[in-house]
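Got the viewer open? Here is a walk through it, one selection at a time.

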Amino acid sequence: MKTIQGTVYVVRDDIDTDQIIPAQYLNLVPTIPEEYAKLGSYALCGLPDGYPPFVKPGASTADYPILIAGRNFGCGSSREHAPVCLGAAGVKAVVAESYARIFFRNCVSTGELYPFETPIRLCEVFKTGDRAEIDVGGAHLTNCTTGKTYSIKELGAVAPVVEAGGIFAYARKSGIIK
Amino acid sequence: MAMTLTEKILARAAGKRVVGPGDNVWVEVDILLTHDVCGPGTIGVFQREFGNMAKVWDPSKVVIIPDHYIFTADEKAHRNVDTLRDFAQYQKLAYFYDPGTPTYKGVCHVALPQTGHVRPGEVIFGTDSHTCTHGALGAFATGIGNTDAGFIMGAGKLLIKVPKTMRFTVNGTVPPYLMGKDIILKIIGDIGFDGASYCAMEFNGTAIRQLSIEERMTICNMAIEAGAKNGIIEPDEKTFEYVKAHTNKPFEAVYGDADAPVDSERTYDASTLEPCVAEPHVPSNYALARERNDVKLDRSYIGSCTGGKITDFLAAARILKGHKVAIPTFLVPATVEVAEDIIKSEIDGKSLIEIFAEAGCEDIAPPSCAACLGGPEDTFGRTSGTETVISTTNRNFPGRMGSKQSRIYLASPLTAAASAIRGRITDPREFM
């Protein structure tokens with residue numbers, strides 16, 4: 001049974017792609033390995049003052065494999081740099097109340113990270129620094145710091161694409177491309 | 001079964017008689033648009049998955065319009081345009097609009113219809129969220145990431161979910177002080193920043209019919225600011241006139257069925273709407289311009305795919321004629337064609353160039369996305385401190401125009417121009 005565990009970082013509603021990766025770093029190309037890594041070091045650096053740094057100064061990855069968010073996470077631009085920089089920073093999953101469509105799609109197509117949805121407003125009950133474990137198959141999330149468990153939604157129609165490992169793997173498996 | 005406009009276009013592109021909301025279908029793609037910010041990554045995905053020597057599925061359907069980071073000393077930005085140029089040459093792409101050459105156009109969402117690549121009934125994907133602009137001409141158009149775009153480059157198709165349709169009917173007469181921007185900001189204010197998530201926003205009604213194609217583009221452009229998958233307007237005579245003036249390629253227009261069920265319906269009367277702004281830091285923070293007179297401004301910015309078309313500069317000039325701006329006022333035409341139209345256009349015998357110069361605006365910048373999305377530090381008009389800006393662009397997120405500390409109010413060009421004169425948020429009716 002696949003699980004994802006680690007320390008969580010909590011953000012609130014309407015975190016847009018300019019906050020995830022500010023436009024001045026869009027000159028970096030995600031398919032060039034050293035620029036992929038560089039994108040990771042800038043992940044979430046556009047968050048307003050008041051948030052603790054997601055990636056510590058001088059570090060190239062974050063200490064938070066799980067991101068907890070409110071509504072409409074990833075809204076704004078279609079820049080794939082957004083899920084890519086989170087993946088490059090070491091994020092394995094986002095658990096949000098809802099997503100902007102293109103961000104969600106980019107997570108699924110790239111296979112960079114799991115975009116889980118939850119009916120519960122977890123950004124109110126988790127604190128940055130809490131430890132958590134996601135049981136991917138069992139569709140629930142445990143806050144190891146408080147011991148409480150919360151349900152997450154099944155991935156639904158995109159599950160076959162996620163399970164295949166992205167749009168290319170899925171299309172090859174179903175014979176759409178060679 | 002009756003289908004909406006969006007459903008009908010997708011059914012045709014999927015080779016199916018009927019599709020409905022929630023269906024996942026493979027659709028054939030008519031145009032793939034990319035630019036300098038997402039093009040190199042898209043090419044990287046395409047080559048990784050299909051091979052370094054692979055050819056795109058159709059070199060006449062991949063359109064590359066560099067526009068984001070053009071007038072900058074940033075080395076990587078130049079490298080990225082070089083990557084696009086090499087790819088376009090190797091692939092023998094028919095449509096690559098190369099910066100620094102006479103083929104350069106400017107902002108892709110204004111350039112795409114101007115170069116005749118937007119045709120009613122077709123399916124357009126672009127590596128930019130504002131690709132939804134092109135629904136203004138009766139096409140299905142939406143933004144995607146590099147991976148999906150790399151897939152289309154090789155396969156010519158994409159798996160997508162058919163969106164539910166939300167219908168917005170705007171009736172009544174559009175008053176001279178009201179613009180497409182005021183209409184869409186009102187709608188986004190009503191339904192919220194994620195109010196149309198995963199949905200098609202279909203705009204119709206007598207007021208929409210009165211609007212020019214450019215004004216319709218402003219409305220569809222901002223569908224993404226409510227989270228929509230696409231914005232769309234049924235084609236009419238104005239659409240056909242515009243399309244035929246820009247291309248002789250044949251197309252087959254699609255119309256929705258009158259009895260097609262929609263997910264929700266809202267109706268507006270344009271004659272009762274007023275000039276407005278979206279306050280920091282989300283486009284759904286709707287407020288009437290006349291109720292925000294107390295907001296002091298440091299800068300006015302007129303440009304972008306939403307607010308840098310010739311109709312936008314004509315509107316601004318109508319207000320600025322015979323007045324002086326009180327704050328630095330930046331003008332960035334979206335495309336070369338818009339820049340040329342600014343030179344050619346006159347109001348009461350006075351050229352727009354003269355009107356802007358006499359009003360004390362900054363020199364007109366070369367066409368590109370410029371400060372709409374911040375960008376490299378040497379970007380024209382980029383904020384660097386605590387500036388409060390009134391802008392005709394489409395987003396006001398923290399840091400969107402550069403500095404996280406700056407505050408952006410979104411508005412129509414009429415309101416941005418009136419506010420430039422006063423140095424405070426101002427209803428354009430004060431100058432009409």
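Select Leu5(B), Thr6(B), Glu7(B), Ile9(B), Leu10(B), Ala11(B), Ala13(B) and Ala14(B): these are the buried residues of H1(B). Keep in mind as you go that this is a predicted model. Now colour the whole helix, residues 5–14 of chain B: eight of its ten residues are buried, so the rest of the structure largely encloses it. Step just past the end of H1(B) and you land on Gly15(B), which has a positive phi, near 70°.

**Two domains in chain B**

Next, split chain B in two. The domain assignment gives domain 1 as 5–249 + 262–268 and domain 2 as 277–431. Give each its own colour; their C-alpha centres lie 24 Å apart. Show the contact between them and you should pick up 40 residues from domain 1 of chain B and 41 residues from domain 2 of chain B. Together the two domains bury about 3,200 Å², with 65% of that on carbon and sulfur atoms.

How many salt bridges cross the interface of domain 1 and domain 2 of chain B? The rule finds one. For a salt bridge to zoom in on, pick Arg395(B) and Glu225(B), whose closest N and O atoms are 2.6 Å apart. Polar contacts between the two domains come to 18 residue pairs, both partners at pLDDT 80 or more.

Stay on the domain 1 side and light up helix H4 (108–114), helix H6 (180–191) and helix H8 (213–221) of chain B: these are the elements that give two or more residues to the side touching domain 2. H6(B) has the largest share, with six residues. Colour that side of domain 1 by class and you get 18 nonpolar, 13 polar and nine charged residues.

**Salt bridges within chain B**

The structure holds 36 salt bridges over all chains, and a few in chain B deserve a click. Start with Arg119(B) and Glu122(B), with closest N and O atoms 3.1 Å apart. Both Arg119(B) and Glu122(B) are buried.

Move to Arg290(B) and Glu274(B), where the closest N and O atoms of the salt bridge are 2.6 Å apart. This pair links distant parts of the chain, 16 residues apart: Arg290(B) is in the loop between strand E13 (286–288) and strand E14 (299–303), and Glu274(B) is in the loop between strand E11 (264–269) and strand E12 (276–278). Which partner is buried and which partly exposed? Glu274(B) counts as buried, at 17% relative accessibility, while Arg290(B) counts as partly exposed, at 40%.

Then try Glu387(B) and Arg299(B), a salt bridge with its closest N and O atoms 3.9 Å apart. Here 88 residues separate the partners: Glu387(B) is in the loop between helix H13 (352–359) and strand E18 (388–391) of chain B, and Arg299(B) is in strand E14. Both Glu387(B) and Arg299(B) are buried.

**Where the chains meet**

Zoom out and bring chain A back. Its contact with chain B takes 47 residues from chain A and 53 residues from chain B. The two chains bury about 3,800 Å² between them, 55% of it on carbon and sulfur atoms. Select Asn27(A), Arg101(A) and Phe168(A): they supply 19% of the area that chain A buries against chain B, more than any other three residues.

The rule finds six salt bridges across this interface. Show Arg400(B) and Asp18(A) as sticks to see their side chains meet in a salt bridge, 3.0 Å from N to O. Between chain A and chain B, 25 residue pairs are in polar contact, both at pLDDT 80 or more. On the chain A side, helix H1 (17–20), helix H4 (101–110) and helix H7 (167–173) each supply at least two residues. H4(A) gives the most, with seven residues. By class, this side of chain A has 22 nonpolar, 14 polar and eleven charged residues.

**Last stops in chain A**

Centre on Arg79(A), in the loop between strand E2 (66–69) and helix H3 (81–88) of chain A. Arg79(A) is buried, at 2% relative accessible area. Follow its side chain to two backbone oxygens: that of Thr17(A) at 3.4 Å, and that of Ile21(A), 2.8 Å from a polar atom of the side chain. Beyond its sequence neighbours within four places, Arg79(A) also has contacts in chain B, namely Cys38(B), Leu373(B) and Arg400(B).

Finish by selecting Arg12(A), Asp13(A), Glu97(A), Arg121(A) and Glu124(A), which are linked in a network of salt bridges.

Definitions and conventions
Residues are numbered from 1 along each chain as its sequence is written. Chains are lettered from A and ligands numbered from 1 in the order in which they are written. Side-chain values use heavy atoms; hydrogens and water are left out. Contact means heavy atoms within 4.5 Å. Buried area is the accessible area (1.4 Å probe) that two parts lose on being put together, summed over both. A salt bridge is a side-chain nitrogen of Lys or Arg within 4 Å of a carboxyl oxygen of Asp or Glu. A polar contact is a pair of N or O atoms within 3.5 Å; within protein, one must be able to donate a hydrogen and the other to accept it, and residues adjacent in sequence count only if both atoms are side-chain atoms. Helices (H or I, at least four residues) and strands (E, at least two) are DSSP runs, numbered from the N terminus. Ala, Val, Leu, Ile, Met, Phe, Trp, Tyr, Cys and Pro count as nonpolar, Asp, Glu, Lys and Arg as charged, and the others, Gly among them, as polar. Buried means under 20% relative accessible area, exposed over 50%, partly exposed in between (1.4 Å probe, protein chains only). Domain bounds come from an automatic or database domain assignment.
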